[in-house]
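Good morning, colleagues. Please turn to the structure now on the screen; I shall speak about its salt bridges and then about one pair of packed helices.

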Amino acid sequence: MTDGTVDYRQIFDAAPAGYLLTRPDGTIVDANRTMYEWTGRGQEALLGLNLLSLLPAGDRIMFLTHAIPAIESNGSVKELAVEILAANGERLPVLLAVSRTRKSTGVPTPDAFGTAAPELNVVVVFGVHERRLYERELAATLRRLEESELERAKLLEEARHQATHDALTHLPNRTLLSSRLDEALERAGNHGLHVGLLFCDINRFKDINDTYGHAVGDEVLGHVAGRLAGAARGIDTVARYSGDEFVILLPALESPEEIAVIASRIMNSFDPECIVGESQLQVELAVGQAVTAAMRPMLPEAREELARQLLMEADADMYRSKPRAGSKLETSHAMRG
C-alpha cells in the first residue's frame, strides 16, 4: 500500500496542466513533470529559477504590474494570458492561475532547498491548446445538455398534450374541457358574465359506421371536428366529449341570448358535405344548448356541480332535438335562469 506522499507525487506529476510552487519572491521550489516537459528543463535547471525568468519581457512587466499586486491583496489571480520561454527559445502560449497558501500545502518537500517556507504561491499553468480543447468539450457538453433538456421538455409537452387531447381529432378531450369549463365559470363569476355550452351529436352515425366501416366513420369525425373548430370563436373550446359527441364551451357571454346567435353562426358555417373516397356523405348534427344565469363568485365545489348540471342540460336538450334533426340548423334552447 502506498502512503499519501506517494499518491500526491503521482497525481502531481501526472496532471495534464503544469504546476509550480514558488516562494513569494517567485523562486521556483517545485514543479511537476508537465512543466519540465513544457520548459525543456530538468529539475536542476528549473528549480531555483525565478518564475519571471520564464516570461518574455512584456509578459514579465505585466506579471509585475498586474498579477503580483492581485496576489498580495486578494491572495490569487484567476487567469493571466502569457507565454512561457522554453530552454530552446520557443514560446508556449499559456494561461496562469496563481493562488497563495500560508500553511502547509501537503507537498512532501515543497522547498527543494530544505528551507521552511511559511508562504508559497501555487501556479497552475494551462496550455492554450488544452484549454481550448477543454472549452470545446465543455461547450459540446453544454449543447448536449441543452438538447437533452429541450428533448425532455418536448416529451413532457407531448405527454401533456396526449393526456388532454383526443388522439383522432386532436381536439381537447373531456379532461381539458372540464378544466377550461371550471376556469370559465370562475372568470365569469368574477365579472358577472354567463357561460354557455353547445352539445353536438352526429345524426345516424351508427348507420355510417355499419354501412361504410369504422375507417370512414373516423374520417367523418375528423371532418366534423375540423368544421366546428374552424367555425368557433378564438376564445371558445371545441372538445370531443366521447364517441360522436362534441361539446363547444362558450365563455364570457354578456347575455344568455348570445348563445343562440353564436350557435346559429357556427351551424350556418358548418358544411354537412363530407367526401370520403368516392362517396359524398351528408353529415347532420343535433345540437343542444345550456347557459348559466349571470355568474357570481362560487367555491370550487359549487362550480363543479354547476358544470355537471350544464353538461346534463345541454345533453338533454340535444336529445330533445334528435327527432326533428333533419336540418343542420335544427336546435332548441335550454336556458338556466
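I begin with a network of salt bridges that links Glu-72, Arg-100 and Glu-119. Please bear in mind that this is a predicted model. Within the network, the side chains of Arg-100 and Glu-119 meet at 3.9 Å, N to O. This pair joins distant parts of the chain, 19 residues apart: Arg-100 belongs to strand 4 (residues 91–101), while Glu-119 sits in the loop between strand 4 and strand 5 (120–127). Are these two partners buried or exposed? Arg-100 is buried, because its relative accessible area is 16%, under the 20% cut-off. Glu-119 has 22% and counts as partly exposed.

The structure holds 12 salt bridges, and two further examples lie within helices. Glu-149 pairs with Arg-152, with the closest N and O atoms 2.8 Å apart. Both residues are in helix 5 (residues 128–164), three residues apart, so about one helical turn separates them. Glu-149 is partly exposed at 41%, and Arg-152 is partly exposed at 44%. In helix 10, Glu-305 and Arg-308 are likewise three residues apart, and their salt bridge brings N and O to 2.5 Å.

Helix 10 (residues 300–321) also packs against helix 6 (residues 174–191), at an angle of about 115° and with the axes 10 Å apart. Helix 6 is therefore roughly perpendicular to helix 10, and the crossing is right-handed. Leu-181, Asp-182, Leu-185 and Glu-186 of helix 6 meet Arg-303, Leu-306, Ala-307 and Leu-310 of helix 10. By class, this contact has five nonpolar, no polar and three charged residues.

How values were computed:
Residues numbered from 1 in each chain as written. Predicted model: local features only at pLDDT ≥ 70, side-chain atom pairs only at ≥ 80, totals over all residues. Heavy atoms only, no water. Axes fitted to C-alpha atoms, helices over the stretch in contact; angles between N-to-C directions. Helix = DSSP H or I, 4+ residues; strand = E, 2+ residues; numbered from the N terminus. Parallel < 35°, antiparallel > 145°, perpendicular 65-115°, else oblique. Left-handed = near helix turned anticlockwise from the far one by under 90°. Contact = heavy atoms within 4.5 Å. Nonpolar A, V, L, I, M, F, W, Y, C, P; charged D, E, K, R; others polar. Salt bridge = Lys/Arg side-chain N within 4 Å of Asp/Glu carboxyl O. Buried < 20%, exposed > 50% of the residue type's maximum accessible area, 1.4 Å probe, protein only.
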